[in-house]
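Hello,

Here is the structure I promised to pass on. Please open it first, then read the notes below.

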Amino acid sequence: MKAENIPLYDLADLKNQTGNDDDFLHQMVILFIKQTSENLERITLSIQQKNWGETHFIVHKMKPTINLFGIKSLKQIIVETEELSRDTINEKKILENLKLIEKVLKQCIAQIKIEFNIE
């Protein structure tokens, strides 16, 4: 199996919380794709405006979703980015983290779309 075929997410917790209800799971996946895409756009705008308070708010808001969707590679990075953006500590590190977060989330969205046959 190629590395790019290995899911970057684990839906076990989400499936457990939805009681393995496929319809509800599908709705949650659609919501994840929509909200994550919107949040990534909002982060880009907040960075352009150097609005670190807004960046912090969005990252904080994304943290539970990243945990729920089992995106383990971002777990520590999202916490670190939330802390750094709260006080605008180390803008360079914040931007590096946000690039990685964006890359991984876009890959997750692509993988989820394939798994759930979403256009």
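**Notes on the model**

Start with Met28. Leaving aside residues up to four places away in sequence, Met28 touches Leu14, Thr18, Leu68 and Phe69. Met28 sits in helix H2. Lys50 is 22 residues from Met28 in sequence, and the two C-alpha atoms are 31 Å apart.

Please keep in mind that this is a predicted model.

**Overall fold**

The protein has five helices and zero strands. Along the sequence the pattern reads α-α-α-α-α. The radius of gyration is 15 Å; a compact globule of 119 residues would be near 14 Å, so the two agree. Along the principal axes, the C-alpha atoms fill a box of roughly 40 × 30 × 25 Å.

Buried residues account for 36% of the 119. Take the contacts between residues at least 6 apart in sequence: 64% of them join residues at least 24 apart.

**Surface and charge**

The exposed area is about 7,400 Å². Carbon and sulfur atoms supply 52% of that area. There are 16 positive and 18 negative charges, and their mean positions lie 5 Å apart.

**Helix H5**

H5 covers residues 91-115, which is 25 residues. From first C-alpha to last, H5 reaches 36 Å, close to the 36 Å expected at 1.5 Å a residue.

Which residues of H5 are buried? They are Ile94, Asn97, Leu98, Ile101, Val104, Leu105, Cys108, Ile109, Gln111 and Ile112. An α-helix has 3.6 residues a turn, so residues three or four places apart point the same way. The buried residues of H5 pack against three helices: H2 (22-48), H3 (52-68) and H4 (72-86).

**Positive phi values**

Most residues other than glycine have a negative phi. Three residues are worth a look here.

- Asn20 is not a glycine, yet its phi is positive, about 55°. Asn20 lies in the loop between H1 (12-17) and H2. Its relative accessibility is 56%, so Asn20 counts as exposed.
- Lys50 also has a positive phi, near 50°, and is a residue other than glycine. Lys50 lies in the loop between H2 and H3. With a relative accessible area of 52%, Lys50 is exposed.
- Asn117 comes just after H5 and takes a positive phi of about 55°.

Over to you.

Best wishes

Key:
Residues numbered from 1 in each chain as written. Predicted model: local features only at pLDDT ≥ 70, side-chain atom pairs only at ≥ 80, totals over all residues. Heavy atoms only, no water. Helix = DSSP H or I, 4+ residues; strand = E, 2+ residues; numbered from the N terminus. Rg over C-alpha atoms; globule rule 2.2 N^0.38 Å. Buried < 20%, exposed > 50% of the residue type's maximum accessible area, 1.4 Å probe, protein only. Contact = heavy atoms within 4.5 Å. Areas by Shrake-Rupley, 256 points an atom, 1.4 Å probe, with all protein chains shown as cover. Lys, Arg positive; Asp, Glu negative; His and termini not counted. Charge placed at Lys NZ, Arg CZ, Asp CG, Glu CD. Expected span 1.5 Å × (residues − 1).
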